[in-house]
Amino acid sequence: MRRMWAVATLLLASAMTVASCAPAPERPPWYNEEDAIESPVKACLVSDQAGFSDKSFNQSAKEGLDRAVAELNVRSATTESSGPGDFKQNIDNLIAQNCTIIFGVAFTLNDAIRRAAEANPDINFVLIDSRITAGDPPEEVDLPNAKALVFNTAEASLLAGYLAAGMSETGVVGTWGGMQIPPVALFMDGFAEGVMRYNAQNDASVRLIGWNKDTQSGSFAGGFQDQARGNQLTQGMISQDADIIMPVGGNAGNGALAAARARPGTAIVWVDFDGYETTEFGDLILTSVVKLVGQAVYDTVESELDGSFTSEAYIGNLENGSVGLAPFHEFDDEVPDELRQELDELRADVIDGTVTIETVNQP
């Protein structure tokens, strides 16, 4: 018996030795080394039809979520939508995966996010780029488990419009949108206001085509995917002598870049991302009106993790740095010092409230 016990002990010791020499299993990105438990937070994201490679706010939102996974050790899941018909099903799939907070990207997910929040009070929901509304006409709703991440891009596009007016050689600049919805029109309102302010301050007469802020009418591609339509709209503006154009069209905006490439002397103002960094047409991009969607997503996931999540809307603006102008990059040497100074002064005036932008599309 002692011999058998000794043999058994030896075998057990050998097995333990082999196990101790084996490499440790690879931990998933959400594994928390400090307390050796899975994170209680599972942050999930559903795109609109533009998808996560749109070089716009879907992609930025995804990058913010990826950063949260890497730095906060939370779990995650994502799903892409090919059209509005996918929104409810995609959100339901994320709910079934035990997500604790679910982000929907863009105004078009408003109804799906609101209804999911109403039906699932134990899960937090976030709508990116729009207030959460109901009814016709739409009115903002207050749900304790639903939050809006919105950005006052009119403040930054005000600067872009002023810059475009100051840099135009033809005296004509343009803008067009993907769809006529408040987050898109907000960019265009600011751009129009910037052109108007440049004209007033410099006794100039730069003309804006593609958008009328007073009547809220202008040029739209009918969506955010049709690059051919974006190209067509941009060519039409170029034919009217516009030499600086701001497309607010997601993937459709790539058509504007191709049209600008075909007409030397045409420059583009990109939106959402710094287009110099995210497109292959950096030499055409005068600047970009950027909004830090990714940072807002990261901060909201962090609030879910530390228990400070509230339904109070997050508003990104010039003052908190969540919107702004990207560098001028290859146009840097072409922007006059006087124009730079005027832009700096205008930015300061917006931040301290001396200059305000009146718009029906206020976030």
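How many helices and strands are there in the chain? This predicted model has eleven helices and 18 strands. Of its 363 residues, 53% count as buried. Among the chain's contacts with a separation of 6 or more, 68% are between residues 24 or more positions apart. The legends below take you through some close-up views.

**View 1. Phenylalanine 151 and tyrosine 314 form an edge-to-face aromatic pair.** Three aromatic pairs are counted in this model. In the pair shown here, the ring centres of phenylalanine 151 and tyrosine 314 are 6.1 Å apart, with 65 degrees between the planes. Phenylalanine 151 belongs to strand β9 (residues 146-151) and tyrosine 314 to strand β17 (residues 314-316), so the pair ties together parts that are 163 residues apart in sequence. Are the two partners buried or partly exposed? Phenylalanine 151 is buried, at a relative accessible area of 2%, whereas tyrosine 314 has 21% relative accessibility and counts as partly exposed. The label for tyrosine 314 follows from the cut-off, because buried means under 20% relative accessible area.

**View 2. Tyrosine 162 and tyrosine 198 form an aromatic pair between two helices.** This pair is edge-to-face too, with 5.2 Å from centre to centre and 80 degrees between the planes. Tyrosine 162 comes from helix α5 (residues 153-167) and tyrosine 198 from helix α6 (residues 182-202). The two residues are 36 residues apart, and their pairing links distant parts of the chain. Tyrosine 162 is buried, with a relative accessible area of 1%. Tyrosine 198 is buried as well, with a value of 14%.

**View 3. Arginine 67 and lysine 147 each lie over the face of an aromatic ring.** Which ring does arginine 67 lie over? Its partner is tyrosine 298, and the distance from the ring centre is 3.7 Å. For lysine 147, the ring is that of phenylalanine 309, at 5.9 Å from the ring centre.

**View 4. Helix α3 (residues 87-96) crosses helix α4 (residues 110-119).** The axes of these helices come within 9 Å and cross at roughly 35 degrees. The crossing of α3 with α4 is right-handed. Look for Phe87, Lys88, Ile91 and Ile95 on the α3 side, where they meet Ala112, Ile113 and Ala116 of α4. By class, the residues of this contact are six nonpolar, no polar and one charged. The charged residue is Lys88, because Lys counts as charged whereas Ala, Ile and Phe count as nonpolar.

**View 5. Serine 130 is a buried loop residue.** Serine 130 has its place in the loop between β6 (124-128) and β7 (133-134). At 8% relative accessibility, serine 130 counts as buried. What is serine 130 in contact with, leaving aside its neighbours within four places in sequence? The contacts of serine 130 are with Phe107, Ala148, Leu149 and Val150.

**View 6. Helix α8 (residues 253-262) is mostly covered.** Of the ten residues in α8, seven are buried. They are Gly253, Asn254, Gly255, Ala256, Leu257, Ala259 and Ala260. Which elements are included in what covers the buried residues of α8? Among them are the strands β10 (172-177), β14 (244-248), β15 (267-272) and β16 (285-291), along with helix α7 (227-239). From α7, asparagine 231 touches Gly255, Ala256, Ala258 and Ala259, not counting residues up to four places away in sequence. Asparagine 231 is itself buried, with a relative accessible area of 18%.

**View 7. A cis peptide bond joins aspartate 136 and proline 137.** The omega angle of this bond is about 5 degrees. Proline 137 is placed in the loop between β7 and β8 (139-140).

**View 8. Aspartate 203 and aspartate 241 each have a positive phi.** Where does aspartate 203 lie? Aspartate 203 is found in the loop between α6 and β11 (207-209). Its phi is about 50 degrees, although aspartate 203 is not a glycine. Aspartate 203 is also exposed, with a relative accessible area of 76%. For aspartate 241, which is not a glycine either, phi is about 80 degrees. The loop between α7 and β14 is the place of aspartate 241.

Key:
Residues are numbered from 1 along each chain as its sequence is written. This is a predicted model: local features need pLDDT of at least 70, side-chain atom pairs count only at pLDDT 80 or more; totals for chains, interfaces and linings use all residues. Side-chain values use heavy atoms; hydrogens and water are left out. Rings of Phe, Tyr and Trp (its six-membered ring) pair if their centres lie within 6.5 Å; planes under 30 degrees apart count as stacked, over 60 as edge-to-face and the rest as tilted. Helices (H or I, at least four residues) and strands (E, at least two) are DSSP runs, numbered from the N terminus. Buried means under 20% relative accessible area, exposed over 50%, partly exposed in between (1.4 Å probe, protein chains only). A charge sits over a ring if NZ of Lys or CZ of Arg is within 6 Å of the ring centre and within 35 degrees of the ring normal. Axes are lines fitted to C-alpha atoms, for helices over the stretch in contact, and angles run from 0 to 180 degrees between N-to-C directions. A crossing is left-handed if the near helix is turned anticlockwise from the far one by less than a right angle, and right-handed if clockwise. Contact means heavy atoms within 4.5 Å.
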